[in-house]
Amino acid sequence: MLDTVQPSLAALPPVESDSLLALIALCNADPRPEKIDVGVGVYRDAVGNTPILRSVKKAEKLLWERQRSKGYLGSRGDVRFAQLLRPIVLGRHADDARIDTLQTPGGCGAVRLGLQLIAAANPAARVLIGTPTWPNHPPMAEGCGLEVVRYPFYDADRRVVRFDAMIAALETARPGDVALLHGCCHNPTGADLDPQQWHTVTRIVAERGLFPLIDLAYQGLGRGLDEDAEGARGILDACDEAIIAQSCDKNFGMYRDRVGTLFVKTADRDSTAKAMAHVLQMAREMWSMPPDHGAATVRTVLDDEALAADWRAELATMRERINTVRAEIARADPRLAYIAGQYGMFSMLPLTLEQVRALRDQHAIYMADSGRFNVVGMSDDALPRFIAAVIEAMDG
Ligand code: LMR
């Protein structure tokens with residue numbers, strides 16, 4: 001008889017479920033027809049639908065007609081797709097041969113792969129993350145074996161970026177530490193760095209030899225495609241090494257199709273080729289090949305001038321709706337005025353956990369425990385009720 005205890009899956013510790021996934025499940029289970037789901041970050045139009053974009057639908061039809069095979073494409077995925085995204089994401093850096101790309105399952109796949117690449121090159125790197133952040137950022141970094149260093153990013157009382165705290169964190173970081181930056185439409189606060197702040201952050205990152213990893217999940221939903229990528233492009237101007245994790249899930253409305261891209265830049269083409277060889281091996285180990293349909297659809301949109309123009313128009317419509325709803329909420333109460341000055345799908349409401357829970361119990365309004373809500377989570381009809389309930393909750 002062995003006197004040691006046989007290892008068993010039963011010995012696994014309990015896992016605290018991801019707060020956003022738990023919220024989706026809670027909301028789905030609520031039978032009240034009037035429920036308002038401002039939890040997860042999914043765009044909804046004036047009547048509360050998450051539509052498939054016109055350009056995407058047409059591209060899917062073309063794809064259905066033209067696609068002759070579903071044979072494997074390889075770990076890089078759809079190469080043309082990634083190539084077509086270069087000018088959109090990289091702008092003036094699109095032709096930089098030191099930047100290589102591959103298709104990933106969503107922006108999340110790209111962030112994970114980027115962190116894993118950094119961990120392989122420098123296991124001692126620490127990942128500096130401003131809080132609050134997307135709840136999946138810290139566990140992804142830790143899952144790659146990297147230490148996470150948190151710093152306060154947002155002043156929830158004054159509703160502004162705690163820029164001094166951010167700078168202090170970056171200035172005391174060690175060379176090689178990772179600066180994980182939200183490219184635009186900060187999740188969960190909506191509080192983006194302004195151009196001057198980007199300039200300062202970029203200078204410190206470059207001067208201190210930090211490794212910039214930019215999560216660009218909402219490009220085009222804040223100020224515009226180019227404007228939203230300017231922070232990332234400025235980093236590329238200043239830094240020899242950088243990683244951008246990009247997502248088309250939101251700006252093409254293809255959430256469940258998981259469409260993302262990883263951009264890797266090093267100081268020279270040989271080093272980029274070596275880094276990409278590692279990335280491809282890691283992708284091979286994790287998912288072997290990325291799912292094709294979403295990327296093939298985006299490629300079909302971007303390869304067709306008329307469809308690409310229509311996509312840009314549809315993206316502008318989504319962005320304008322976000323900003324119109326922001327303005328409407330901001331007008332309703334001086335305590336909510338800050339919402340008009342923020343960007344993207346999310347802002348945080350000045351509510352306690354008890355108030356958030358009361359909104360859920362009494363009004364069937366579902367938002368994250370942090371008070372993060374999706375500005376375009378509800379229909380126009382539901383908006384007045386949402387605003388009234390939030391004001392009631394704030395009044396206590
Ligand atoms: C969100 O923050 O709501 C989205 O990024 C969806 C997700 O995967 O969490």
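1. A polar contact here is a pair of N or O atoms within 3.5 Å. With that cut-off in hand, lysine 250 is a good place to start in this predicted model: an N or O atom in the side chain of lysine 250 sits 3.1 Å from an oxygen atom of the ligand.

2. Two further residues deserve a look alongside it. The side chain of tryptophan 134 places an N or O atom 2.9 Å from a ligand oxygen. For tyrosine 218, the separation between a polar side-chain atom and an oxygen atom of the ligand is 3.4 Å. As for area, the ligand taken alone exposes 260 Å², and the protein buries 77% of that.

3. Now the surroundings as a whole. Around the ligand you will find Leu20, Val40, Gly41, Trp134, Asn187, Tyr218, Lys250, Phe346 and Arg372. By class, this shell holds 5 nonpolar, 2 polar and 2 charged residues. The ligand takes up the space of the largest pocket.

4. Where does the ligand lie with respect to the domains? The assignment gives domain 1 as 9-53 + 311-395 and domain 2 as 69-305. Both domains give residues to the shell, so the ligand lies between them.

5. Finally, a word on how the two domains are arranged. Taken over C-alpha atoms, the centres of domain 1 and domain 2 are 25 Å apart. Contacts join 26 residues of domain 1 with 29 residues of domain 2.

Methods. Residues are numbered from 1 along each chain as its sequence is written. This is a predicted model: local features need pLDDT of at least 70, side-chain atom pairs count only at pLDDT 80 or more; totals for chains, interfaces and linings use all residues. Side-chain values use heavy atoms; hydrogens and water are left out. A residue is near a molecule or strand if one of its heavy atoms lies within 4 Å of it. A polar contact is a pair of N or O atoms within 3.5 Å; within protein, one must be able to donate a hydrogen and the other to accept it, and residues adjacent in sequence count only if both atoms are side-chain atoms. Accessible areas come from the Shrake-Rupley method with a 1.4 Å probe; for residues, only the protein chains shown count as cover. On a 1 Å grid over the protein atoms alone, a cavity is a set of points where a 1.4 Å probe fits but cannot get out, and a pocket is an open set with protein on both sides within 12 Å along at least five of seven lines; lining residues have an atom within 4 Å of a point. A molecule sits in a cavity or pocket if more than half of its atoms lie within 2 Å of its grid points. Ala, Val, Leu, Ile, Met, Phe, Trp, Tyr, Cys and Pro count as nonpolar, Asp, Glu, Lys and Arg as charged, and the others, Gly among them, as polar. Domain bounds come from an automatic or database domain assignment. Contact means heavy atoms within 4.5 Å.
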